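Here are my notes on the chain, in numbered points. Please read them with the structure open.

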Amino acid sequence: MISKQELVKQLYKSLIDSLPSDVKVTSIEFEGPVIAIYTTKLAYFMENDEVIRKLAKDFKKRLVVRADPRFRMSEKEAEKIIRELVPSDAGIVNMFFDKTTGEVIIEALKVGAVIGKGGQILKQIASITNWRPKVLRAAAFESKIVRQVRELLYSRADERKDMLMRLGHRIHRDLVLLRDYRVRIVALGGFQEVGRSMILVQTKESNILLDCGIKPGYTEEYPYIDVEEFDLDKIDAIVITHAHLDHCGFLPYLFKYGYQGPVYCTQPTLYLMALALNDYVEVAEKEGKVPIYSKRDVQDALAHVIPLEYGEVTDVAPDVKLTLYPAGHILGSAIAHLHIGNGLCNIVYTSDFKFGKTRLLDKAAYQFPRVEVLIMESTYGGREDKMPSREETERTFIDIVRRTLERGGKVLIPVLSVGRAQEIMVVLDEAMKSGKLPAVPVFIEGLLIEATAIHTAFPEYLSKELQKKIYRDENPFVSEYFTAVTSPSQRIEIAQQKEPCIIMATSGMLTGGPVMEYFRYLADDPRNSIIFVSYQIEGTLGRRILDGLREVHMMSPEGKLEVIKVRMEVHKVDGFSGHSDRSQLLAYVKNIEPKPERIVLCHGERSKIFDLSIAIERLFRIKTAVLANLDAMRLR
Ligand SMILES: [Zn+2]
């Protein structure tokens, strides 16, 4: 391992030898996980990208080239030039300059038209403005959250740059000798339970947190961060696998208490997380609770996100490389691969994953360069957790919906804003288009609309099939059947209208949110149906109703306690889950390459985890470990 100074010296030398005389390198900086090479002439590197590719390979580092800010055109001028260069039929919707990276993000309806033949227009933009153009597909409908997050990143560019520089020094610091090397994991949440996922991975050099969630329920619970091992100042990186609150809902809390380090996740997770966390604060406030953190803490957390693409190997600590892989669970969800201590230990943390195709996403990745320890979720690992096939699931679901509508009832579907909701939307759209369901209005609430907009902004993360539809302009998310509910006052009208309809609203487990209001109006009419399409955590109202509760005590908007009788039909349709069922979990263990030496099971109720562990040991002869929260385990 060579020192940082030596590395910079060698890089300079290799560059100077290969560059033409009019291209200068002004500085080389360690910025977070990447080494940034600043130049006077960005276009040269874009046209000769093999120069950097070769260097990156030789040095085994992630290198990026940026124009030296002193040589970039002003944003105003650059925007003018770009609008001149790009043909008007490209439909530029938005332009956003990222000072930290020297990128200009161009959002357009037609991406190809911005790029030009063989990337010609992009090259021109770079060569004239010295900004690196990046083209994104504009969301089919406007997303407030996408704009807000971009503005946030823009306004905090200087601070982000500082963080990246600080981080660069930390990540590329020299290693202490690998003699006596140790790796251990500490279970801080989400073991023998579903919710508050958090795992601390500790080596002699560094501390990495995998996920940072809350556990919703009658009383909300949080990860065990009050243990000795947990030192906020020593955390090198937090990895967020996906934007569900049980995996990211606790993140702003750590920022509230002084964490200033990086958060790694995919690009869609950043935006979906912004949505979920802001909503979490709003819902708590609306219900008169004091949220455990404020929107400012949420912004802090978002400002520290370093987005990664699937398959990008990234140094996150001097001895740890992180790579994210598709998990098939929700948009942008990731399986985290940690390559620790020059390969002394390789961990794959599946988090929530689906080893099977859905309408929304392709199935989870299962091939890795190396794996010794597999940490796997077990939500549906119990003996009885067999899910019906997708076709059967859809048939059952559509059947319940059709019967309800035909008897003049309304269908209430509690959903998480992200994931199942969009899956169900695709199913409903298809069923109405093909005549399997009568065309009735499907009401969706604000948050769902936002989440859906984010889905259409990142088509490359969706299943191949859905991508094709969207590129053919058959985007199911903008279907005529969906009606956005823009004001809470509309809810009572919708609930009391005579005509049948379908309502999709959050939260997915009846723990709060607009669904509660609909539930209050619709519960006592036996013509109506409530259909649960996602996992119901123990203790939530959703779970208790599923378990037979037929009288619910609720607060009316006037603050009066009332008893709601549940006379509507209660249904549960399991097969839409973004989780693997038992057979898919076992198939994953069977198929994962290479074969792990040990499997740690998490994210599941106790009995299911033990069930699954027995099956894995018997079928595959792989040692499993069942940890409880607060347990630690040495991996090497
Ligand atoms: Zn999840």
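1. Start with a helix pair. In this predicted model, the axes of helix α7 (residues 144-155) and helix α11 (residues 267-286) come within 10 Å. They cross at roughly 105°. That value falls between 65 and 115 degrees, so α7 and α11 count as roughly perpendicular to each other.

2. Which residues make this contact? From α7 come I145, V146, Q148 and V149. They meet L270, Y271, A274 and L275 in α11. Seven of the residues in the contact are nonpolar and one is polar. None is charged.

3. Next, helix α20, which covers residues 582-591. Its buried residues are R582, Q584, L585, Y588 and V589. What covers them? The cover includes two strands, β17 (373-377) and β26 (598-602). Helix α21 (606-620) is also part of the cover.

4. S583 sits in α20 too. Is S583 buried, exposed or partly exposed? There are 14 other C-beta atoms within 10 Å of S583. Buried takes 20 or more, and exposed takes 12 or fewer. S583 is therefore partly exposed. Its neighbours in sequence, R582 and Q584, are listed among the buried residues of the helix.

5. A long-range distance for the same residue. S583 and L19 lie 564 residues apart along the chain. Their C-alpha atoms are separated by 56 Å.

6. Domains. The chain is divided into four: domain 1 (4-70), domain 2 (72-138), domain 3 (175-383 + 580-634) and domain 4 (390-572). Note that domain 3 is given as two segments, with the range of domain 4 falling between them in sequence. The centres of domain 2 and domain 3, taken over C-alpha atoms, are 36 Å apart.

7. Overall content and size. The chain holds 21 helices and 28 strands. Its radius of gyration is 25 Å, close to the 26 Å that the globule rule gives for 636 residues. The chain is therefore as compact as a globular protein of that length. Along its principal axes, the C-alpha trace spans about 80 × 60 × 45 Å.

8. Burial and contacts. Of the 636 residues, 48% count as buried. What share of the contacts with a separation of 6 or more joins residues 24 or more positions apart? The figure is 74% for this chain.

Note on methods:
Residues numbered from 1 in each chain as written. Predicted model: local features only at pLDDT ≥ 70, side-chain atom pairs only at ≥ 80, totals over all residues. Domains from an automatic or database assignment. Helix = DSSP H or I, 4+ residues; strand = E, 2+ residues; numbered from the N terminus. Contact = placed C-beta atoms within 7 Å. Axes fitted to C-alpha atoms, helices over the stretch in contact; angles between N-to-C directions. Parallel < 35°, antiparallel > 145°, perpendicular 65-115°, else oblique. Nonpolar A, V, L, I, M, F, W, Y, C, P; charged D, E, K, R; others polar. Rg over C-alpha atoms; globule rule 2.2 N^0.38 Å.
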